[in-house]
Structure formats: structure tokens, C-alpha cells
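The exercises below are worked on one protein structure. Each gives a task, followed by a solution in steps.

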Amino acid sequence: MLMRRAVRTVAAALLLGLSRGECPNYSSHSQQQHEPLSAGAYALSYMRPDPACRTFNSSGVEDIIARLKGEIFDPDLNRLFENTFPNTLDTAIKWRGVAANNTAEELCFVITGDINAMWIRDSADQIAPYKPAMTNATDDIASLFRGVINMQARYLVISPYCNAFHPPPESGMNPDINTHPYQVTPPYDKKIVFTCNFELDDFAAFLQVGHDYYNATGDVDFFGKFQWIYAIQSIMSASKALKQPTYGPDGEWVKPEYTFQSETFTASGTLGNHGIGNPVNYTGLIRSPFRPSDDAATYDFSIPANMMMAVYLESNANIMERLPNAPAGLTQEMRDMAAEIREAVKTWGTVKAPNGKRVFAYEVDGYGGQNLMDDANVPSLLSAPFLGYLDKSDEIYQNTRSLILSRSNPFWCQGPVISGIGSPHVQPGATWPMSNIIRIMTTDDDVEIKTNIKMVLSSTAGLGLIHESINSFDEKRWSRQW
Ligand SMILES: *[C@@H]1O[C@H](CO)[C@@H](O)[C@H](O)[C@H]1NC(C)=O
Ligand SMILES: *[C@@H]1O[C@H](CO)[C@@H](O)[C@H](O)[C@H]1NC(C)=O
Ligand SMILES: *[C@@H]1O[C@H](CO)[C@@H](O)[C@H](O)[C@H]1NC(C)=O
Ligand SMILES: *[C@@H]1O[C@H](CO)[C@@H](O)[C@H](O)[C@H]1NC(C)=O
Ligand SMILES: *[C@@H]1O[C@H](CO)[C@@H](O)[C@H](O)[C@H]1NC(C)=O
Ligand SMILES: *[C@@H]1O[C@H](CO)[C@@H](O)[C@H](O)[C@H]1NC(C)=O
């Protein structure tokens, strides 16, 4: 799930397939078809790099691919799985090593596809599909998860409000220093931070990786050893600051801890009100000035990001309570924050839609301001059951689902190529296949499942990779090849 800024087109740079005479540059490699093509109607390209060029080898993941060869009978669907499932391991594990001051502390730097930086949310989602390949703490994939948790923990201790980071000094890699003009408080170190858009789902993503690792391996000791507890403290303290309302008890404006301004062509690339965003009332929800697409929010209380936060605060509290070195009261604080969010989602996050039904709003401000829409990027309203916040039979969820999967959602896209939810991150009319996939994962309706698999499968322009977005009327106009 890559959701970064630059929009690439097929026309752009079918440059040399090779860099430094060794392994292909995957950005250009993935814009051309490679033999053997799949034997089905869509003749999809083979897109895995040569074994020698893959960035991580996992026997567990190869076993899953081999097993599914015998279980996915459609040759095109099989090819799409074979290309996409190992893609993070094949292309994005840029560096692995140990901390300079503790050789037991594994580190792993996962790039966001085509940018040499690690996003907290993206790296969590990039490795999440490998959870089934992890059965205990000695697996190769378990080491990868520990490396990502330790890396993210270090970043979140240093700059909890930032969302993308440079390689660690231990890697010896040079950071691509971001020289774009930003004015951000609190200030950050440009040698460590790539961008500093605060997005609440980054906190939830860090908690998600910890949950996945613990759930698969049962290895609780790991969490007490390195910087995980400090990262949780850092997250809790920033979350408390981000619950604060715009005005104090006597009506006076209170400067928020986090502000962000940027020179940009897009309204969503900076925060309004001189970097502050729109005012918020106290609700118990946590602000998310930016969305999971890295676009500025309309109203700062993102309901899906708060849902995700509640779920993973609860599950990580179950880890914290098992640690002998947990700071007193921290487990309870995590549980209390989760409970307050759940209550606030009920009070502030459910609203009456124009059709008279109760639905979840995408964003609210605690003044009655409500944004009725959904964005394809996860966490989304569509993904609420996938996140584990509620059961898909929940009545308010079903009302919401009907609304956001229809033209009542301003970001619904439809056309002969693919129909689904889009995102203000790109132009209107471009469906994000991520929404079709989440749709599949939140229904038991076979017709809905088959229709959406077919749309994802038939809209890759023969490349056999899943694009970020696709023009719903023209398969050849997409953003991001993989
Ligand atoms: C890889 O190819 C893309 C174009 O497809 C280009 O923009 C990028 O600079 C190339 N990267 C390297 C390291 O050569
Ligand atoms: C993965 O395995 C191949 C051999 O199959 C090897 O050439 C390559 O260096 C390995 N990659 C890593 C990151 O170890
Ligand atoms: C190790 O270094 C990291 C920064 O790279 C720092 O945050 C951490 O506190 C250090 N740990 C110890 C035990 O000194
Ligand atoms: C861990 O899982 C691997 C299979 O992935 C297995 O070979 C190994 O015996 C397991 N180790 C323990 C301690 O259970
Ligand atoms: C992992 O999750 C499953 C399903 O929710 C649960 O049954 C199991 O007890 C969990 N394992 C651990 C170690 O928490
Ligand atoms: C602002 O929040 C407070 C406390 O949650 C609530 O009592 C008040 O009604 C809210 N104001 C508006 C305009 O909704």
C-alpha cells in the first residue's frame, strides 16, 4: 500500500532497465512487461526481480507462494499474487543491521517503494501480510518484524509528530535531505526526519506491528528489552497533547504543540489557519491534522484513525501489563485512552446522513462539523471491521458502507475499467484498488467478492502489479506502477 505524493505515468521515463550494471531499477523494470506472461486472458507480466537482486529471502514466504500455486487456479490471479505478495521482501528491505550501542537490538529500514525513506504507517502495512509466515521468534520473518519495531520505536522517541524518516547512521547510507521549505513545530532534525506530517494512524501502525509480532510469536520479553516502552510513552504523551481543544477554559486560544506549514501547489499539502488547522472542541478524540494519504484533514478528528488507535491501544496494553519493567500506571492509561476514544466515537463520530440513517462520519471537529466521505487509504471507514473495531454486521457500519460505496460519497469513482473509492490525493475519477481489496475483506457476499477481484485483476495494464490508482475509464492512466 503505497500512497506517496509523486504521480507517475506510463509515459514517464521508460529509461534504462539497469542501474550500476547489476540489478534492474525496479521503478523502470515495473513499467515494462517481462516474460513469461501468465496463461490467462490478461497475460500478466512476471515482475519478481532475479533471486540475486531480492532484498530479503524468506523460506516461509516462498513456501506460501508455492502452496498457493496449487490453490489459486486462475493463472492471472495466481500471477498477481506471486508478483505482489513478496514485493516488499523483493524490493523494499533496504538495510538490516543492529544498533551501534546495542548489538542485540535488530534494526530494519524499509523504503516506501520509490522513495528512499521509511514511513511509519507504510512500513507497518508493507510487512503485515507476512504475519502468517511467522510461527515463532526464531523465524526469519520474526527478525524482520523486530527490526521494524525497533527502528520505528527509535524514530517515535526522537520525533513522535513526524511520519517519514531517513536511514539510520548505522546503515552508512546517505540521507536524501529534504530541502523543501517547511515550518514545523516542534522543530526536528532534517538529518533524521524526511517529512513531518502528523498522522494519527502512524501511532496506530506502530502498535499494529507490535500486536502482530506478539500475537504470532508470543515473545513478550522482546518488548521490555529495547526502546519499545519509551516509544509508547512518547506516543501517549503526544496523544494527550493532541486531544487538547483550540480554546482554553476562558475562551482564550491555546497554541497547539504541533503546527505545520509548507510551500505547496495543493491546498492539502499544508495546514490552514497559519499551520494550525481548523479549530477543535474537546471530545476525547485525538487530532490527526493529516490523513493516511498525507493530505491535510478537513476536520482534525479522524474517526477511522481513532478507531484504529482504540483497537491497538487495547491490544498493546495486554503486552504492557506482562512486562516486569512497565512504568506504573501505563497499562491503565492506555486502556483509559482507548475507552475514552470508543465513547467519543459514539458521541461525536456517528451522525445522521441525508437519507436519515445513522452513519459514521469520516472526520468531525466536536462542534457539529462533519465530513461525510471515505478515502481509500487505510484506516478508512470501509476498513473498520478489518481493523477489528467492530463486527461487519454492525448496523451503523452497514449504513455507512452503503453510503460510501455509492455516489453519495464524493470520492466514489465508477467506470467501465474499475469502480471503487478514490482519494483527494489524486484527481477525482481514479479508483484506488486498495478500496476494492478492503471491500473484499469486509463482506461475505460471493458476488461482491468476485466482482471486486475481477476489477483488481483486469486493471493492471498487463503489468501484473497493483497500482495506487487507476482512471476508472482508462486502464492505461494510473498512478504508481506498484
Ligand atoms: C529509476 O528509474 C526512475 C524512472 O523510472 C528514475 O526516476 C530514477 O531516478 C531511477 N533511479 C535510479 C537510482 O537510477
Ligand atoms: C537471496 O538469495 C539469492 C540466491 O537465491 C542470493 O543471491 C541473494 O543475495 C539473497 N539475498 C539476500 C538479501 O540475502
Ligand atoms: C542508543 O542509541 C539511540 C539513538 O541511536 C538512543 O536513543 C538510545 O537511548 C541509546 N541507548 C542506550 C542504551 O544508550
Ligand atoms: C519455529 O518455527 C520453525 C518453522 O518456521 C520451526 O522449524 C522451529 O522448530 C520452531 N522453533 C521452535 C522453538 O518452536
Ligand atoms: C493471537 O490472536 C488469536 C486470535 O485473536 C488469539 O486466539 C490468540 O490467543 C492470540 N495469541 C496471543 C499470543 O496473543
Ligand atoms: C464542546 O465540547 C463540550 C465538552 O465535550 C460540550 O459540552 C459542548 O457542547 C461542545 N460544544 C459544541 C458547540 O458542541
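Buried means under 20% relative accessible area, exposed means over 50%, and partly exposed lies in between (1.4 Å probe, protein chains only). The model is predicted: local features need pLDDT of at least 70, side-chain atom pairs count only at pLDDT 80 or more, and totals for chains, interfaces and linings use all residues. Residues are numbered from 1 along each chain as its sequence is written, chains are lettered from A and ligands numbered from 1 in the order in which they are written, and side-chain values use heavy atoms, with hydrogens and water left out.

**Exercise 1. Backbone outliers**

Task: Find where Ala 43 and Arg 480 have a positive phi, and classify the exposure of Ala 43 and of Arg 480.

Solution.
Step 1. Most residues other than glycine have a negative phi, and most peptide bonds are trans.
Step 2. Phi is near 40° at Ala 43 and near 60° at Arg 480.
Step 3. Helices (H or I, at least four residues) and strands (E, at least two) are DSSP runs numbered from the N terminus. On that numbering Ala 43 sits in the loop between α1 and α2 (59-69), and Arg 480 in the segment after β17 (474-479).
Step 4. Ala 43 has a relative accessible area of 26%, so it is partly exposed. Arg 480, at 1%, is therefore buried.

Task: Locate the cis peptide bonds that precede Pro 186 and Pro 379.

Solution.
Step 1. The bond from Thr 185 to Pro 186 is cis, with omega near -10°; Pro 186 belongs to the loop between β5 (182-185) and β6 (193-195).
Step 2. The bond joining Val 378 and Pro 379 is cis, with omega about 10°; Pro 379 belongs to the loop between β12 (370-371) and α13 (395-404).

**Exercise 2. Salt bridges**

Task: Describe the salt bridges of Glu 199, Glu 343 and Arg 439.

Solution.
Step 1. A salt bridge is a side-chain nitrogen of Lys or Arg within 4 Å of a carboxyl oxygen of Asp or Glu. The structure holds 26 of them.
Step 2. Glu 199 pairs with Arg 121, with the closest N and O atoms 2.7 Å apart. Glu 199 lies in the loop between β6 and α7 (200-217) and Arg 121 in helix α5, so the pair ties together parts that are 78 residues apart in sequence. Both Glu 199 and Arg 121 are buried. A network of salt bridges links Arg 121, Asp 122, Glu 199, Asp 201 and Asp 294.
Step 3. Glu 343 and Lys 346 meet at 3.9 Å, N to O. They are three residues apart in helix α12 (residues 330-349), so about one helical turn separates them. Glu 343 is partly exposed at 46% relative accessibility, whereas Lys 346 is exposed at 57%.
Step 4. Arg 439 pairs with Glu 448, the closest N and O atoms being 2.6 Å apart; Arg 439 and Glu 448 are both buried.

**Exercise 3. The surroundings of α14**

Task: State how many residues of helix α14 (residues 433-441) are buried, and what they pack against.

Solution.
Step 1. Seven of the nine residues of α14 are buried. They are Pro 433, Met 434, Ser 435, Asn 436, Ile 438, Arg 439 and Ile 440.
Step 2. With contact taken as heavy atoms within 4.5 Å, these buried residues pack against α13, β13 (412-413), β14 (420-421), β15 (430-431), α15 (446-457) and β16 (469-471).

**Exercise 4. A buried acid and a buried serine**

Task: Determine what surrounds Asp 139 and Ser 143.

Solution.
Step 1. Asp 139 is in the loop between α5 (120-127) and α6 (140-158).
Step 2. Lys and Arg count as positive and Asp and Glu as negative, while His and the chain ends are not counted. Asp 139 is buried without a salt bridge, and the nearest side chain of opposite charge, Arg 146, is 8.9 Å away.
Step 3. Apart from neighbours within four places in sequence, Asp 139 is in contact with Ala 133 and Met 134.
Step 4. Ser 143 lies in helix α6 and is buried, because its relative accessible area is 12%. Setting aside neighbours within four places in sequence, Ser 143 is in contact with Arg 96 and Glu 106.
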